[in-house]
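Visitor: I would be grateful for a close look at a single part of this protein, one helix and what surrounds it. Please then lead me on from there to other places worth examining.

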Amino acid sequence: MNEHPALTLSSAIADRLACPATAPAAATSDGARQHLALGPTGIALLHIERAAAGLGPWQRAHDWLTAATRQPFTSGPDSHPFYGAPALAHALACAADHLPGSYQRGLRLLDRQVTSDARQRLDAGNRRIDAGHLTALAEFDAIRGLTGYGTYLLRREPTGPALRAVLDYCVRLTEPVTHDGEALPGWWTPTGPSGRPDDRFPGGHANNGMAHGVGAVLALLALSARRGTTVTGHHQAMRTILAWLDRWKTSAGRGPAWPYWISREDLRAGRLSATALRRPSWCYGTAGLARAQQLAALALGDADRRAEAETALLAALTDPAQLHATTDTGLCHGFAGLAHIAVRAAADAEPATASQLRAALPTLLTPLLPPGAAPQEVAGSLVDGEAGAGLLDGAAGTALGLLAASSAEPPRTAWDARLLIA
């Protein structure tokens, strides 16, 4: 039987990234070393997933983890879920799940450090809420904030007090706050989407995204509820976020879409000031938010909302206009991310919709697998290209998205837990 072209390309990328010594220098540089998005820990996830699936040797994963740990990792306030000790902890946990007895000493140390760091951030976040101040994206988001820490705690201590404290914080984050005499959602930030003051966002904004916004909070609440861990106000918090998304839902050709963010001008007017078509990516847009809403609907037992979320995702993944707005290959905002979300959502979808989501995969893979292109050449262009070899935007993440799409089956490891889509 011929190998699936997506698996062939994924394997070619993995082969190009087989050894840290022969990988592009940027992937192993001091600047990238601690970054899950850019450096060795993210590339290790590719080899961990392949080894767990019986597609490659564990030695490659070990070599990349070794490359990551040549020097001490940052912890405390200078680290976050995609940088430093929490990033390494995620990769080691993925490997240890499939290699009983391996990496245990390091994981115990990292577990304690990650829990301690999360506790310090929780204390600061709760003090900020008590004082009635507006939040910062880095306080709560998936990349730098408490929802990112929550993904790790959900895996390592799903019934533990640290996770429950993060969930309590998430519930509090959905409670409205009054600022300058106006009622705002609790996740309103006084900055622009970059996390810095921005003249384009006078009065700040409410971020809807999965990477930096309330979509991640919804997904964490949903995932923990599906695994049996809830706190007081848990379901109402999900419904509050869902009501917000309902309020700001728009149309994008074949189906509904959600804006990346809401400005103070939008909020005061009760409508969007700009409705330009945007790519339906994981980090921002319809694909990630539709998956978050599907997970919430499953947690709440809401069949109608589940159907709506799945229909929205299918529309986004089959709408030529929205796909045309997608211009790169990576996980974060490219075709590999769309394909991976399709696989994850199909595993939980109503059977007819699941079949349609899987049927959309060839179209999503076409930009990654140009007709007639040699897999080795494509792999080389991805690994050595401007996006780099890393996880979020680069070749390793593209290879992981291709790997899931090649079989239309969920991953063997929890490498994608940090994306909050499973």
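Guide: Helix H8, which spans residues 146-156, is mostly covered, with 10 of its 11 residues buried. This is a predicted model, and the description should be read with that in mind. The buried residues of H8 include Leu 146, Tyr 149, Tyr 152, Leu 153 and Leu 154; Arg 155 also belongs to the buried set. Among the elements that cover these residues are helix H5 (85-96), helix H6 (104-131) and helix H7 (137-140). Helix H9 (161-173) and helix H10 (214-226) are also part of that cover.

Two of these covering helices, H5 and H6, are joined by a loop that contains Tyr 103. Tyr 103 is not a glycine, yet its phi is positive, at about 60 degrees. Most residues other than glycine have a negative phi. Tyr 103 has a relative accessibility of 23% and therefore counts as partly exposed, since buried means under 20% and exposed means over 50%. A positive phi near 60 degrees is also found in Leu 420, again a residue other than glycine. Leu 420 lies in the segment after H20, and at 1% relative accessibility Leu 420 counts as buried.

From the covering helices one may turn to helix H11 (residues 234-247), where His 234 is found. His 234 has a relative accessible area of 2%, so it is buried. A polar atom of the His 234 side chain lies 2.7 Å from the backbone oxygen of Leu 221. Leaving aside neighbours within four places in sequence, His 234 is in contact with Leu 167, Val 171, Leu 221, Ser 224, Ala 225 and Thr 229.

Met 238 is one of the residues with the most contacts inside the largest nonpolar core, which has 139 residues. With neighbours within four places in sequence left aside, the contacts of Met 238 include Leu 218, Leu 221, Ala 222 and Ala 225. Ala 296, Ala 299 and Leu 300 also touch Met 238.

Ile 13 is another residue with the most contacts inside that core, and Ile 13 leads to helix H20 (residues 395-407), the place of Thr 398. Thr 398 counts as buried because its relative accessibility is 0%. Not counting residues up to four places away in sequence, Thr 398 touches Ile 13, Thr 329, Gly 330, Ala 336, Leu 368 and Leu 382.

Key
Residues are numbered from 1 along each chain as its sequence is written. This is a predicted model: local features need pLDDT of at least 70, side-chain atom pairs count only at pLDDT 80 or more; totals for chains, interfaces and linings use all residues. Side-chain values use heavy atoms; hydrogens and water are left out. A nonpolar core is a set of buried Ala, Val, Leu, Ile, Met, Phe, Trp, Tyr and Cys residues joined through side-chain atoms within 4.5 Å. Buried means under 20% relative accessible area, exposed over 50%, partly exposed in between (1.4 Å probe, protein chains only). Contact means heavy atoms within 4.5 Å. Helices (H or I, at least four residues) and strands (E, at least two) are DSSP runs, numbered from the N terminus. A polar contact is a pair of N or O atoms within 3.5 Å; within protein, one must be able to donate a hydrogen and the other to accept it, and residues adjacent in sequence count only if both atoms are side-chain atoms.
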